[in-house]
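Subject: Handover of a structure and the findings on it

Dear colleague,

Please find below the structure that I am handing over to you. I would be grateful if you kept it open while reading the notes that come after it.

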Amino acid sequence: MKKNREPWVSDSYALKKCLAMMRWSLFFFFLSIIQVLAVDSYSQQTRLTLKFNQTSLESVLNEIENKSEFYFLYNQDFVNTKQNVDLDVKSAKIEDVLNSLLKSTDIKYTISDRQIVLTNSDNVSGLNRLSVQQSKISGKVTGTSGEALTGVTVAVKGTSGGTITDNNGNFQLNLPADAKTLVFSFVGMKSQEVAIAGKTTFNIELEEESIGIDEVVAIGYGTAKKRDLTGSVGSVKAESIVRSNPVQPAKALQGQVSGVNVKKVNSRPGSDYTIDIRGVSSISFSSEPLVVIDGVMGGKLNTLNPSDIETMDVLKDASSAAIYGARGANGVIIITTKKGVKGKTKVTYEGYAGIKVPTSLPDLMTAQEFYRAYNDVVKAENPNAQIIWTTAQQENVDAGRSVNWVDEVTDPSAQTSHVVALSGGNENTTHYFSTGYLSEKGNLLNTGYQRFNLKGSIDSKLNNVVKVGFTTYYTFSVLNLGAMETLRSAYRARPTGSIYYDELSNPTETNDRNLNGYAYWMGIKDDQVQNPILEVQDDSFDDETRVSNFLGNGYIELEPVKGLTFKSSMSASVFNSRRGEYRGPDTKSRLNKLASAAYQTNLNSSYTWDNILNYKLTSGAHNLNLTAAQSALQERFELSEIKVENLAYNSSFYAVNTAALINGVASNLKERSILSFMGRLNYSYNEKYLLTVTGRYDGSSVLAEGNKWAFFPSVAGAWRAGEEEFIKSLDLFSDLKVRLSYGEVGNDVVAPYSTQAFLRNTAYDFNGSAAYGYAPNNIGNTNLKWENSSEINLGLNMGFLKNRIMVDLEFYDKTTNDLIQNVAIPTSLGFGTVTANVGKIQNRGFEFTLNSVNIQKENFRWSTNLNFSTNHNEILELYGGTVTEDKANKLFVGESLRSNFYYEFDGIWQLDEKDEAAKYGQVPGSVKVVDQNKDGKISSSADIDDRVVLGNELPKWMAGISNTFKYKNWDFSFFVYTRQGVQFRNSLLQGTMGELGSNRYNPELLD
């Protein structure tokens, strides 16, 4: 395992060598597969270190059982375990241990996997007599769907005797004469006790462990059962992720966790989802939560293959996220990818295919409808209007021909995903490897997204003290996007045009050109809109982004004494992207010009070193869990870019050196680091009274001297009232817990070096000679400090009918102080903005979650998940309290972020309102704007402004409901999600797109 970690753990400079890391990772990926497939038996694999001097044999045998999974069977009438023996072995096999231990005695042994039978050499019949006193049993263990379970522990209750099931789920076991009960246990399954009652054959069916209060969730630097949580944590499991068939993992969170707002910015292939937890808290910067992937902080969620994810745990309140301090200001999403489980190595395949169809597109007029609209409507409104129809257009109208240009450049698209995984292992080593492929075609022609994933992980218990493991994840993706102009032209081009050049009876009338058989100007006399089919051709416009992303985490965990563990892990992330853009001479932006190109590369890398000390102590009714950790983060961002024009030939963006003109060259380097120290105390008394205290001390390199360090505390308490006798006597709740927490988290969202003033290169003219000098570029801020968020959370968890119905209620109030913002300053100072701590924002809301098992039969199950959440966002202070509104940036104290500030509309001016409309310079048919101050004018001046806040882009409430039906090995589910109270401004009909008399075609909704 040391070699597996060496290429990227032992040398931090390896972060600069992405290709080398990938080669090593692939090498160890396949090497590890070979290793884990060669699994020896337990007795051959286990090593023991023991030292005793004149100690009773019985004590030595007990110590061997304590340090291993071996157990001894013997008859005390023939085996003297009271005699004293000596033993001194180091990392020895069990055979060597027994040979050394029993060499001076007359005791013989027989080993069968974990079972060791002892007998007297002078009376071998002792072994036979032992067998006579024991009864031999056998059986098979399966899951609820009939599959054989490998590695199930079959123990004799009250003794150390037992065995495990083989690859076919079968077991055999010799029972002591007084054996009464068998205990069957397996990870992820409910333990089952079965009375022996003279039976010799057992067929056992184990059920999956029920979710609910015993479900384990990640809480940051550890895990906890839901029953023991004091903060607010939401969770999505693998089965829910798989059902939604998401292209991006973020989609699996949509509507599944209350208080989590997930939306897609656009429908272009491969486009990311944005996530905010319990509202947005930043004006100038991102409100995205921290993503932790298998211990790698700052990972990119949307680069993962959703099929590789085991759980997504969302830390919503400040007390839960406080363990991440500066990085948890916007909440935390902890991703745990799938790991191997002990048992026979198995190969699984998962795949799906679907069709994506554009919806909610505007209804478009046909050529004939458009022709009548111009001739009738425009002429009626303006008798002097000059309506120009070319010969080609008139012929198309008369012949009943029409073109829907949007249909011509779009098409239904296919998307498909395939994942092959290999997993398994034994008691000491488990492995999981997978490879995945995703293809998502775009609805715009010649666009699409492809993603390739490779994952590998191994966890190995070397002995009773040392455990090691690593996880690697590599993603490669290719994104092809079309020109933004394609759809714009498709909506603007008239339906009276012609697609092909040969369809034009008089091409000289419009100076048309024949390009690959297409009519460049479509037979329309409009040199502002070209044939959109030409823009969408892959040899005309090319916008390609290739991303290579590597994540790796290796760890060593020591448990020198029971309850005390120390874990040291090194995590690395390398994210490299290259974007190339080519605009051919026939595209809209290069009309009558030679081609242009741009080439940009981003090389981003980071590493995190975590050292975690954990101690667990149980004494009577007291349970104590102490965690101390130290973390160091280093990030590096490199950028280089070049833009050129007038390429000699169609070389796409691969030969920028052939361009006649270089009109832009840039490069950049940014580095940042965070050093952190943290501690957490979890205490419970009698499993009813729970307390969590967390503190984190963070230092950030991007803040000003003297303000780099800050302490972020939190405290949370919970009362499991359902365990009280007076609550139990109500016979109403199967679980009842009240939680209260308070926490503080910080944010250093600014870009590196924001506290410093920069110089920029400036050109000067000295008597006609060009010269370059340097001038100040910005104002630095030597007082920039941490943005601080404090949050109080009140939670109530209730269970009914043996937890078949579970309800969670959350109330929270979060205030962000010292808001970091790019503040506009007077231009007289020579600069536009300065980064400073100037604002205060509040988010408060309510969350409701319901999980129920509506029907539970032997072969049928119906379950429901419902969640609902509200959030009120409000600006409490702007620019240090000096102003109450900033109209230019649509910021108003007392209003929400992302407000829509515009004129209020009150219908359409009617014919009988002609005179009143004229007062405002309007005519019947125009939009009626509300005169807010009733002065007879519609104004947007500084002193008289009729604009108001109409709404905002943040949802007032969100809800999601899913129903899952399972019948034997089949399941069916459906899901509904909604975001309400959101107001967006649609600019589709702005400008010429909304003016019928502009001589261009426009979308129009038809009744």
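The notes below deal in turn with cavities, salt bridges, one sheet and two single residues.

Please bear in mind from the start that this is a predicted model.

**Cavities**

Rolling a probe the size of a water molecule over the atoms shows where empty space is left. In this structure, 8 cavities of 30 Å³ or more were found. The largest cavity holds about 120 Å³ of space. Its lining is made up of 13 residues, and those closest to the centre are D276, G279, N871, P955 and M958.

Which elements supply at least two residues each to the lining of the largest cavity? They are strand 42, which covers residues 860-877, and strand 49, which covers 957-967. Strand 42 gives the largest share, with 3 residues. Sorted by class, the lining of the largest cavity contains 5 nonpolar, 6 polar and 2 charged residues.

The second largest cavity has a volume of about 90 Å³. Among the residues that line the second largest cavity are I241, V242, N245 and P246, and also N305, P306 and S307. Further along the chain, the lining includes E350, Y352, S417, L438 and R451. Two or more of the lining residues come from helix 7 (238-244), and strand 22 (343-356) likewise gives two or more. By class, the lining of the second largest cavity divides into 6 nonpolar, 4 polar and 2 charged residues.

**Salt bridges**

How many salt bridges does the structure contain? The count comes to 32. Three pairs and one network are described here.

The side chains of K966 and E239 form a salt bridge, with a distance of 3.7 Å from N to O. K966 belongs to strand 49 and E239 to helix 7, so this pair ties together parts that are 727 residues apart in sequence. Both elements have appeared above: strand 49 supplies at least two residues to the lining of the largest cavity, and helix 7 gives two or more to the lining of the second largest cavity. K966 has a relative accessibility of 28% and therefore counts as partly exposed. E239 is also partly exposed, because its relative accessible area is 42%.

In a second pair, the side chain of E544 meets that of R546 at 3.0 Å, N to O. Are these two residues buried, partly exposed or exposed? With a relative accessible area of 8%, E544 is buried. R546 is at 33% relative accessibility, so R546 counts as partly exposed.

A third pair joins E581 and R583, whose closest N and O atoms are 3.0 Å apart. The relative accessible area of E581 is 18%, and E581 is therefore buried, since residues under 20% are placed in that class. R583, at 27% relative accessibility, counts as partly exposed.

Salt bridges also link R278, K316, E791 and E847 in a network.

**An open sheet**

Strands of a sheet pair through backbone hydrogen bonds, either parallel or antiparallel. One open sheet in this structure consists of 4 strands in the order 8-7-10-11, with antiparallel pairing. Which strands form the edges of this sheet? Strand 8 (162-164) and strand 11 (192-195) do, as each of them pairs on one side only. With direction ignored, neighbouring strands of the sheet are turned by 20 degrees against each other on average.

Strand 7, residues 153-156, pairs with strand 8 over 3 bridges in the antiparallel sense. To locate this pairing in the structure, you may look for T153, which stands opposite I164 in strand 8.

**Two single residues**

I779 is found in the loop between strand 38 (769-776) and strand 39 (787-800). Its relative accessible area is 29%, so I779 is partly exposed. I779 and T755 are 24 residues apart in sequence, and their C-alpha atoms are 8.3 Å apart in space.

L891 is placed in strand 44, residues 891-892. L891 counts as buried because its relative accessibility is 4%. Along the chain L891 and E877 are 14 residues apart, and 10.0 Å separates their C-alpha atoms.

Yours sincerely,
A colleague

Methods. Residues are numbered from 1 along each chain as its sequence is written. This is a predicted model: local features need pLDDT of at least 70, side-chain atom pairs count only at pLDDT 80 or more; totals for chains, interfaces and linings use all residues. Side-chain values use heavy atoms; hydrogens and water are left out. On a 1 Å grid over the protein atoms alone, a cavity is a set of points where a 1.4 Å probe fits but cannot get out, and a pocket is an open set with protein on both sides within 12 Å along at least five of seven lines; lining residues have an atom within 4 Å of a point. Grid points are joined across faces, edges and corners, and a volume is the space filled by probe spheres set on the points. Ala, Val, Leu, Ile, Met, Phe, Trp, Tyr, Cys and Pro count as nonpolar, Asp, Glu, Lys and Arg as charged, and the others, Gly among them, as polar. Two strands pair if DSSP finds at least two bridges between them. Axes are lines fitted to C-alpha atoms, for helices over the stretch in contact, and angles run from 0 to 180 degrees between N-to-C directions. Buried means under 20% relative accessible area, exposed over 50%, partly exposed in between (1.4 Å probe, protein chains only). A salt bridge is a side-chain nitrogen of Lys or Arg within 4 Å of a carboxyl oxygen of Asp or Glu.
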